[in-house]
Amino acid sequence: MPARPPRPARGFSLIELMVALTILAFALMMAVPAFTAWLHNVRLRSRGEALMQAVEVARTEAARRNMLVQLQLTTSLDNGCTVSTAGPDWVVHLLQDSTGASVSAAGACGAPLVGRQDILDSSGAAPVVDDSHSPFLLVKSPAAINNTVTLNATQSGVVFNALGRSTASAMVHIDLADSSLACLDSSGGGSVRCLRLEIYPAGLVKLCDPLQTSSSSTLYCPS
């Protein structure tokens, strides 16, 4: 029985390949803006959660140490930092030194973090401070790569007392937005869900969405 001749190789024609590449290009053009917005939303949410955790640390450490503890927004995390309602960084530190004098993180954000044993003397009764009376830093904001998140607070810092309560007489809030993309608005414009961190005098801390109108939502802002 004679052998069958081999079948000719089949493949894509040039026209088929160009059509496929055109469809792929259009698909990518549609997906890139959505992916960019998603990425910025993730970064903003992550920054907000990190800030909320820092506030929780300040509150719990104040109660645990029976000391005043402050969270301050700062312009950077080096020793050239200043305190600012716009951040974009923050530190948590003891508010007073062993003499009872109030201290600020301004000019001392580059100091290393310390733990409980580092700041108590051998009797565990009082914090040990150096001659410069620099604040003891307990927490710093995490390093952010390609950070475009901006902060806008009603005040540059908040102090918690030994009861875990804020010493502010009214709610303090910090708005988080994105410097490169507009916030979503009530008309459907914008592309980033901007957030707000609310800190109440009783010590309650909540990360929420100012546009959320349903009180049953976890992102609802009570105020």
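Q: How do β4 and strand β6 (residues 172-178) pair, and over how many bridges?
A: They run antiparallel, with five bridges between β4 and β6. Strands here are DSSP E runs of at least two residues, helices are H or I runs of at least four, and both are numbered from the N terminus. Two strands count as paired if DSSP finds at least two bridges between them.

Q: Is this a predicted model, and what's counted?
A: This is a predicted model, where local features need pLDDT of at least 70 and side-chain atom pairs count only at pLDDT 80 or more, while totals for chains, interfaces and linings use all residues. Numbering starts from 1 along each chain as its sequence is written, and side-chain values use heavy atoms, with hydrogens and water left out.

Q: OK, back to β6: which residue is the bridge partner of V149 there?
A: D178.

Q: And what order do the strands of that open sheet come in?
A: β4-β6-β7-β8, four strands with antiparallel pairing. β4 (149-153) and β8 (205-208) are the edge strands; each has a single partner, so one side of each has no neighbour in the sheet. From one strand to the next the twist averages 20°, using axes fitted as lines to C-alpha atoms (for helices, over the stretch in contact) and angles from 0 to 180 degrees between N-to-C directions.

Q: Switching to β2: is strand β2 (residues 89-94) mostly covered or open?
A: Mostly covered, as six of its six residues are buried. Buried is under 20% relative accessible area, exposed is over 50%, and partly exposed is in between, with a 1.4 Å probe and protein chains only.

Q: Which strands does β2 pair with?
A: Strand β1 (residues 69-74) joins β2 through six bridges, antiparallel. Strand β3 (residues 137-140) also pairs with β2 in the antiparallel sense, over three bridges.

Q: What stands opposite H93 in those pairings?
A: Q70 is opposite H93, and L137 in β3 is opposite H93 as well.

Q: Where does M67 lie?
A: In the loop between α1 and β1. M67 counts as buried because its relative accessible area is 18%. M67 and Q96 are 29 residues apart in sequence, with 8.2 Å between their C-alpha atoms.

Q: What about I23, buried or exposed?
A: Exposed, because its relative accessibility is 57%. I23 sits in helix α1 (residues 14-65).
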